[in-house]
Amino acid sequence: MSAPQSVLSKIARPYAAALFDLANEGKVIEAVEKDLDAVAGLIDSSDDFSRFLVSPTITTDVKSAALNAILDKVKPVELVANTLRLVAKNGRLFALAAIIAEFKMLAAEARNEVSAEVTSAAPLTKEQETELAGVLKDKVGKDVSLITRVDESLIGGLVVKVGSQMIDTSLKTKLSAMKIAMKGVS
């Protein structure tokens, strides 16, 4: 884990753990996760919003005011709104994506679920996702939720990461391996 990622995890973990404990106590984990997914989607889809969150030149007060305006329009679960306001007040919005990731990890763990990052050359169909989740469930012994991405440079095949394990069946990797092997032959 890189140093900046480690620092983000140390900052994110207490916020995520507290939010998870409160959501679990109030039996609103699913609603909180849904609202956090919406925030994560906004971060991922808007470069401006993403830069806004991590910018050290924008004051905490300005970030808090902007976040309050967004929360007033979106109207998330009160627990999510209060947590986001606290994160903003404490000047930790730069760690928001990490906080969301930590919360999702805790929620998945509570459901006895593990997430798998799947990168494919083309979008997977629902049937392919279901079949892949079933195969992975047999391998890891837990329910598997897929986080899918498309990377056309793979040409074909999949790259699947479950925890610290990676399975790379992409044509790009196979072609690279063949290229290296052929260089060794000559």
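## Aromatic pairs, salt bridges and strand contacts in a predicted chain

The structure holds two aromatic pairs. One of them is formed by F49 and F52, which are stacked with 6.3 Å from centre to centre and 20° between the planes. A pair of aromatic rings is described by the distance of the centres and the angle of the planes. Here the rings of Phe, Tyr and Trp (its six-membered ring) pair if their centres lie within 6.5 Å; planes under 30 degrees apart count as stacked, over 60 as edge-to-face and the rest as tilted. F49 and F52 are separated by about one helical turn, because they stand three residues apart in helix α3 (residues 47–54). Both F49 and F52 are buried. Buried means under 20% relative accessible area, exposed means over 50%, and partly exposed lies in between (1.4 Å probe, protein chains only).

This is a predicted model, in which local features need pLDDT of at least 70 and side-chain atom pairs count only at pLDDT 80 or more, while totals for chains, interfaces and linings use all residues. Residues are numbered from 1 along each chain as its sequence is written, and side-chain values use heavy atoms, with hydrogens and water left out.

### The chain as a whole

The chain has eight helices and four strands. Helices (H or I, at least four residues) and strands (E, at least two) are DSSP runs, numbered from the N terminus. In order from the N terminus, the elements are α-α-α-α-α-α-β-α-β-β-β-α. The C-alpha trace spans about 65 × 40 × 30 Å along its principal axes. Of the 186 residues, 32% count as buried. The accessible surface of the chain is about 11900 Å², and 57% of this belongs to carbon and sulfur atoms. Accessible areas come from the Shrake-Rupley method with a 1.4 Å probe; for residues, only the protein chains shown count as cover. Contact means heavy atoms within 4.5 Å. Among contacts between residues at least 6 apart in sequence, 66% join residues at least 24 apart.

### Salt bridges

A salt bridge is a side-chain nitrogen of Lys or Arg within 4 Å of a carboxyl oxygen of Asp or Glu. By this rule the count comes to nine salt bridges. The table gives some of them.

| Pair | Closest N to O distance |
|---|---|
| E102 and R13 | 3.8 Å |
| D72 and R85 | 3.8 Å |
| E129 and K126 | 3.9 Å |

E102 and R13 form a salt bridge that links distant parts of the chain, with E102 in helix α6 (residues 96–110) and R13 in helix α1 (residues 3–25), 89 residues apart. E102 counts as buried because its relative accessibility is 12%, whereas R13 is partly exposed at 43%.

The side chains of D72 and R85 also meet in a salt bridge. D72 lies in helix α4 (residues 60–74) and R85 in helix α5 (residues 78–89), so this pair ties together parts that are 13 residues apart in sequence. D72 is partly exposed, with 47% relative accessibility, and R85 is partly exposed at 31%.

E129 and K126 both lie in helix α7 (residues 126–140), three residues apart, which is about one turn of the helix. K126 is exposed, with a relative accessible area of 62%. Elsewhere, a network of salt bridges links E33, D37, K104, R111 and E113.

### Around E113 and D143

E113 is in strand β1 (residues 113–120), and D143 is in strand β2 (residues 143–150). E113 is buried because its relative accessible area is 19%, while D143 counts as partly exposed at 35%.

Leaving aside neighbours within four places in sequence, E113 is in contact with A108, D143, V144 and S145. By the same exclusion, D143 is in contact with N112, E113, V114 and K137. The C-alpha atoms of D143 and A108 are 9.1 Å apart, with their positions 35 residues apart along the chain.

A polar contact is a pair of N or O atoms within 3.5 Å; within protein, one must be able to donate a hydrogen and the other to accept it, and residues adjacent in sequence count only if both atoms are side-chain atoms. The side chains of D143 and K137 are joined by a polar contact of 2.9 Å. Another polar contact, of 3.4 Å, joins the side chains of E113 and S145.

### A nonpolar surface patch

I155, L171, L175, M178 and M182 make a nonpolar surface patch of about 510 Å². Patches are made of residues with over 30% relative accessible area and no salt bridge: like charges are joined within 9 Å, nonpolar side chains (Val, Leu, Ile, Met, Phe, Trp, Tyr) within 5 Å. I155 is in the loop between β2 and β3 (158–162). With a relative accessible area of 53%, I155 is exposed.
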